[in-house]
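Colleague: Hey, have you got a minute to walk me through this one? I'd like to get the basics down before I stare at it alone.

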Amino acid sequence: MNENKIMAKKISVIGLGPVGYATAVGFAKLGHNVVGVDLIYNKVDKINKLNNKKLRATLDLEGAILWSDISFICVETPIKRDGDINLTALEKVSNDIGKILQNKKYHIIVFRSTMFPNSLGLLKNILEKSSGKKCGKDFDLVINPEFLREAHAIKDFFNPSLIVVGSNNKKVGKQVMEYYKNIKAKKFIVNENIAQMIKYTNNSFHALKVVFSNEIAAICKKINVDSKKLMELFCEDIDLNISPYYLKPGKAYSGRCIPKDLAILQKRAKRLRIKCPIINSISKSNKIQILRDKK
């Protein structure tokens with residue numbers, strides 16, 4: 001028997017935007033039986049036009065939940081006007097699923113939607129209230145953050161840098177990870193809050209790298225240094241520059257070289273009249289960390 005052969009499961013994917021579409025298509029290609037659900041007919045029709053025997057889509061949420069063993073929730077969590085996360089769609093779908101679970105013995109609900117730590121507790125309360133059932137007994141909740149680029153979502157589904165499953169119940173976490181059995185990637189089962197925080201950490205760091213590189217480039221332009229070749233050289237150091245070495249939460253940086261060289265870079269940028277808010281904020285943030293260390 002082929003050790004990679006999987007037992008096909010019944011999966012429902014709720015929300016057929018870029019993430020939900022890739023998730024539905026991806027699991028179907030892995031051999032699972034999948035039904036996608038969305039409120040918008042065109043998204044449902046797009047799935048059904050693929051003519052995949054393992055994959056179909058519907059407007060019927062209740063039918064999909066009752067038919068499936070597990071649901072992957074992929075609805076959007078946009079930003080509010082005040083800058084906070086908007087959980088309205090997640091709250092509504094949780095309430096709707098809870099009502100459906102009144103007629104089902106057990107179900108696993110996996111959230112792929114991006115949400116801030118402790119948001120899962122709110123959704124758990126909604127599900128328990130609307131279903132009249134108990135999380136951990138009648139249903140389980142899991143976080144499975146997505147790291148998909150919109151233009152390459154299906155490709156990224158099959159070629160992830162890592163797969164993260166967040167559950168405070170390791171047995172349930174392993175069950176969910178099993179759905180990714182035939183995808184080769186680093187796989188991590190972590191607690192719920194770490195799984196909720198990793199996407200924010202990733203994207204904030206990616207944004208930081210872009211802005212930092214552009215500030216260095218602005219300085220380089222003024223002093224006739226090739227910034228592209230400079231950053232290529234910078235990336236060659238995989239021991240300190242592009243590595244986990246300094247990415248360990250703890251004490252503030254200290255010593256002679258780092259504070260001195262940073263101060264000179266800040267001074268020269270100011271003299272050149274180049275605005276570098278990220279580079280200038282580094283030492284300020286470090287001073288705040290020193291105060292935290294003293295508490």
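Modeller: Sure, with one term up front: a residue counts as buried when its relative accessible area is under 20%, and as exposed when that area is over 50%, with partly exposed in between. Also keep in mind that this is a predicted model.

Colleague: Okay, so is Phe-27 buried or exposed?

Modeller: Phe-27 is buried, because its relative accessible area is 0% and the cut-off for buried is under 20%.

Colleague: Where does Phe-27 sit?

Modeller: In helix H1, which runs over residues 18–29.

Colleague: And what does Phe-27 touch, leaving out residues up to four places away in sequence?

Modeller: Phe-27 has contacts with Ile-11, His-32, Val-34, Phe-72, Phe-157, Tyr-179 and Tyr-180. For a sense of distance, take Ser-130: it is 103 residues from Phe-27 along the chain, and their C-alpha atoms are separated by 29 Å.

Colleague: What about the rest of H1, how many of its residues are buried?

Modeller: 10 of its 12 residues are buried, so H1 is largely enclosed by the rest of the structure. Among them are Val-19, Gly-20, Tyr-21 and Ala-28.

Colleague: Which elements do those buried residues pack against?

Modeller: There are several strands: E1 (10–14), E2 (33–37), E3 (55–58) and E4 (70–73). Helices H2 and H6 (153–158) are partners of H1 as well.

Colleague: How does the span of H1 compare with what you'd expect at 1.5 Å a residue?

Modeller: It agrees: the 12 residues should span 16 Å, and the end C-alpha atoms of H1 are 16 Å apart. After H1 comes Gly-31, which has a positive phi, near 105°.

Colleague: Which other residues have a positive phi? I mean ones that aren't glycine.

Modeller: Asn-118 is one of them, with a phi of about 80°. Arg-273 is another, and there phi is about 60°.

Colleague: Where is Asn-118?

Modeller: Asn-118 is in the loop between strand E5 (107–111) and helix H5 (119–131). It counts as exposed, because its relative accessible area is 57% and the cut-off is over 50%.

Colleague: And Arg-273, buried or exposed?

Modeller: Exposed, at 79% relative accessibility. Arg-273 is found in the loop between H10 and H11.

Colleague: Since you mention H11, where does that helix bend?

Modeller: H11 bends by about 25° at Ser-283. Ser-283 is also one of the buried residues of H11, along with Ile-279 and Asn-286.

Colleague: What covers those buried residues?

Modeller: The cover includes helix H8 (192–222) and helix H10 (257–271).

Colleague: With that bend, what happens to the end-to-end distance of H11?

Modeller: The distance agrees with the expected one: H11 has 18 residues (277–294), which should span 26 Å at 1.5 Å a residue, and its end C-alpha atoms are 26 Å apart.

Colleague: Switching topic, which residues are in between, neither buried nor exposed?

Modeller: Lys-46 is one of them: it is partly exposed, with a relative accessible area of 48%. Lys-46 is in helix H2, residues 41–48. Asn-203 is partly exposed too, at 42%, and it is found in helix H8.

Colleague: How far is Lys-46 from Tyr-21 in space?

Modeller: Their C-alpha atoms are separated by 9.3 Å, and the two residues are 25 apart along the chain. For Asn-203, take Phe-147: the pair is 56 residues apart in sequence and 9.6 Å apart in space, C-alpha to C-alpha.

Colleague: Okay, zooming out, how many helices and strands are there in the chain?

Modeller: The protein chain has 11 helices and 8 strands. Its C-alpha trace spans about 70 × 45 × 45 Å along the principal axes.

Colleague: And how much of the chain is buried?

Modeller: Of its 295 residues, 39% count as buried. The accessible surface comes to about 18,500 Å², and 55% of that belongs to carbon and sulfur atoms.

Colleague: Last one: what about charges?

Modeller: The chain has 52 positive and 27 negative charges, and the mean positions of the two sets are 4 Å apart.

Key:
Residues numbered from 1 in each chain as written. Predicted model: local features only at pLDDT ≥ 70, side-chain atom pairs only at ≥ 80, totals over all residues. Heavy atoms only, no water. Helix = DSSP H or I, 4+ residues; strand = E, 2+ residues; numbered from the N terminus. Buried < 20%, exposed > 50% of the residue type's maximum accessible area, 1.4 Å probe, protein only. Areas by Shrake-Rupley, 256 points an atom, 1.4 Å probe, with all protein chains shown as cover. Lys, Arg positive; Asp, Glu negative; His and termini not counted. Charge placed at Lys NZ, Arg CZ, Asp CG, Glu CD. Expected span 1.5 Å × (residues − 1). Bend = angle between axes of the 7 residues up to and from the residue. Contact = heavy atoms within 4.5 Å.
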